[in-house]
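Here is a quick tour of a structure, going from one residue's surroundings out to the chain as a whole. Have the viewer open while you read.

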Amino acid sequence: MTVSKSAAAGAAAPSAVVGGRGPRRSVLFFAFAFAVIADPVSSVAYAIEAALRALHGDLALLLPTMSLVIGLVVVVTANYWQLVRRFPKGGGAAAAAGRVFGARWTFLPIGALVVDFVLTIGISIAAAASAVIALFPGLAPWRIPMALLLLVVVAGLTWFGHGGRLLFAVMTVAFVIISVAVLILGFTSPHATGHAAASADPGRSAMLAVVLAFPVAMALATGIEAPSTAIAQLGQLDDTHRRRFGRGTLALLVVIVGGLTLALTALAVQLHIGVPGTDSTQIADIAHAAAGPGWLYSAFQLTSSLLLLAAASSSFQAGPGLLKALSGMPERPGVLPPVLGRANRHHTPYWSVVVYLAAAALIIVAAAGQEQELVLFYAVAVFVSFLVGLMAMARLAHREHKTALMWINALAAVAVAFTLVVNLLRGWPVLSLAATLLIAAGLYVRWTRAGRPTGIEDVEARAEAE
């Protein structure tokens, strides 16, 4: 969900970035922004299909559903636009909650992020395996072993720290470019069309079907918090420029994720691409119908799988980094055992990586390597963080007598709460909420036993900066 420090810092020398305008700062922004948005962009690979499955294959309702999803993404992004302004040194929802409601509330968004990182790793690895299987169907019997192998490889690469993370930005751009080529070909001269019916009987009113389906596709919203925390990595910039980088990244996220999602959805409807078969994905079927079985389709599958692996790797950096920050330092008492902060010469907290590796492997096996099984759990934990952040920003606006802003944040909080409730009503996703609450409660208990060390509300910013 976040971009590594070296990916951004390595793009430009500190003195040049602060003092100059020109190409070096542009390269830094490119490295920072496109690496940060790798997670939400990669979510396009499975979010549209998740919505269509929730609609029971009703293509006629798919575009209204995804439009509602993008609308809520814009609303949540607007809140983080404010968070970046208020907390230019990073911290996200945890910083806002700690400042407004007190340090104890910090643990709720932290617990949500811990769960979200695990799910991001698991679903991204499973989706990457699905992308490979769609290209090479003969590998279908090896789905789980292949997913676990990819998981181990991505986890192993974290041993070498943040080196080469600029490639994440390149992967994101490559996927966007290939996707645009597929879209142009699909709308102008498609190779084939599917056989899915334009409409199906959802068994309930169209409006109710859309309202019940769109929360499943809110996986697109995971990763929105990343810019507000990742700006802590930009120590070579002053607060003004960190705000610009954070807000510029949020704007880029909305444009790219929103544009790709709605365009691919419209193309799916136009080409009658319905729920895919067992060994394919909807996004793969869209690309195949648009471009045929040639090099463009292969490039689309390759770049999407690499982008998904990049998203997993990003969470393999951010998640253990958060545990490391919570474990404290010699000069600062920690909440978690010091062993989780032990790092190699590349500054990788290897025992924390092992924790995330084991947790992600468990959920991949439990879901039989099927990313669509995991999507149901995805937009729960992080929406707890969104909700806390929105409530904190509404409270701040109230204190400052900014009535219009307060109502905007309050209405956004209601929309997020509704999304969260609908997802929880599906049953099994309550496990994500339970895990979030258990982790938050456990961290709070350990924090209390440690004497309530100060600065806990800045732990997300500290995790990024370190």
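## Around Thr-77

Leaving out residues up to four places away in sequence, Thr-77 touches Ile-224, Leu-250 and Val-254. This is a predicted model, by the way. Thr-77 sits in helix H6, which runs over residues 62-86. Is Thr-77 buried or exposed? With a relative accessibility of 5%, Thr-77 counts as buried.

## Salt bridges

Searching the whole structure turns up five salt bridges. Helix H6 shows up again here: its residue Arg-86 pairs with Glu-400, which lies in the loop between H17 and helix H18 (403-424), so the pair links parts of the chain 314 residues apart. The N-to-O distance in this bridge is 2.8 Å. Arg-86 is buried at 19% relative accessible area, just under the 20% cut-off for that label, whereas Glu-400 is partly exposed at 36%.

Glu-400 also has Lys-402 as a salt-bridge partner, with the closest N and O atoms 3.3 Å apart. Lys-402 is partly exposed, at 34% relative accessibility. Through shared partners, Arg-86, Glu-400 and Lys-402 end up in one network.

Another bridge joins Arg-53 and Glu-49, whose closest N and O atoms are 2.9 Å apart. What separates these two along the chain? They are four residues apart in helix H5 (residues 44-54), so about one helical turn lies between them. Glu-49 is buried, with just 4% relative accessible area, while Arg-53 is partly exposed at 35%.

## Gln-372 and its contacts

Gln-372 belongs to helix H17, residues 371-399. Which residues does Gln-372 contact, setting aside neighbours within four places in sequence? They are Tyr-46, Glu-49, Ala-50 and Arg-53, and Glu-49 and Arg-53 are the salt-bridge pair from H5. The Gln-372 side chain also reaches the backbone oxygen of Tyr-46, at 3.1 Å. Gln-372 itself is buried, with a relative accessible area of 14%.

## Aromatic rings

There are 13 aromatic pairs in the structure. One of them is Phe-30 with Phe-34, a tilted pair at 5.2 Å centre to centre and 40 degrees between the planes. Both residues are in helix H3 (residues 22-36), four residues apart, so about one helical turn separates them. Phe-30 is partly exposed at 29% relative accessible area; Phe-34 is buried at 15%.

Phe-101 and Trp-105 make another tilted pair, with 5.7 Å between centres and 55 degrees between planes. Why "tilted"? Because stacked needs planes under 30 degrees apart and edge-to-face needs over 60. Phe-101 is partly exposed at 26%, and Trp-105 is partly exposed as well, at 39%. Elsewhere, Phe-29, Phe-32 and Phe-245 form one aromatic cluster.

## A nonpolar surface patch

On the surface, Phe-136, Leu-139 and Trp-142 form a nonpolar patch, with about 340 Å² of accessible area together. Leu-139 sits in the loop between helix H8 (107-135) and helix H9 (143-157). Leu-139 is partly exposed at 31% relative accessibility.

## The chain as a whole

Zooming out, the protein chain has 20 helices and zero strands. Of its 466 residues, 58% count as buried. About 17500 Å² of the chain is exposed, and carbon and sulfur atoms supply 70% of that.

What share of contacts between residues at least 6 apart in sequence join residues at least 24 apart? The share is 82% in this chain.

Key: Residues numbered from 1 in each chain as written. Predicted model: local features only at pLDDT ≥ 70, side-chain atom pairs only at ≥ 80, totals over all residues. Heavy atoms only, no water. Phe/Tyr/Trp six-rings, centres within 6.5 Å; stacked < 30°, edge-to-face > 60°. Buried < 20%, exposed > 50% of the residue type's maximum accessible area, 1.4 Å probe, protein only. Polar contact = N/O pair within 3.5 Å; in protein donor to acceptor, adjacent residues only side chain to side chain. Contact = heavy atoms within 4.5 Å. Patch = residues over 30% accessible without salt bridge, like charges linked within 9 Å, V, L, I, M, F, W, Y side chains within 5 Å. Areas by Shrake-Rupley, 256 points an atom, 1.4 Å probe, with all protein chains shown as cover. Salt bridge = Lys/Arg side-chain N within 4 Å of Asp/Glu carboxyl O.
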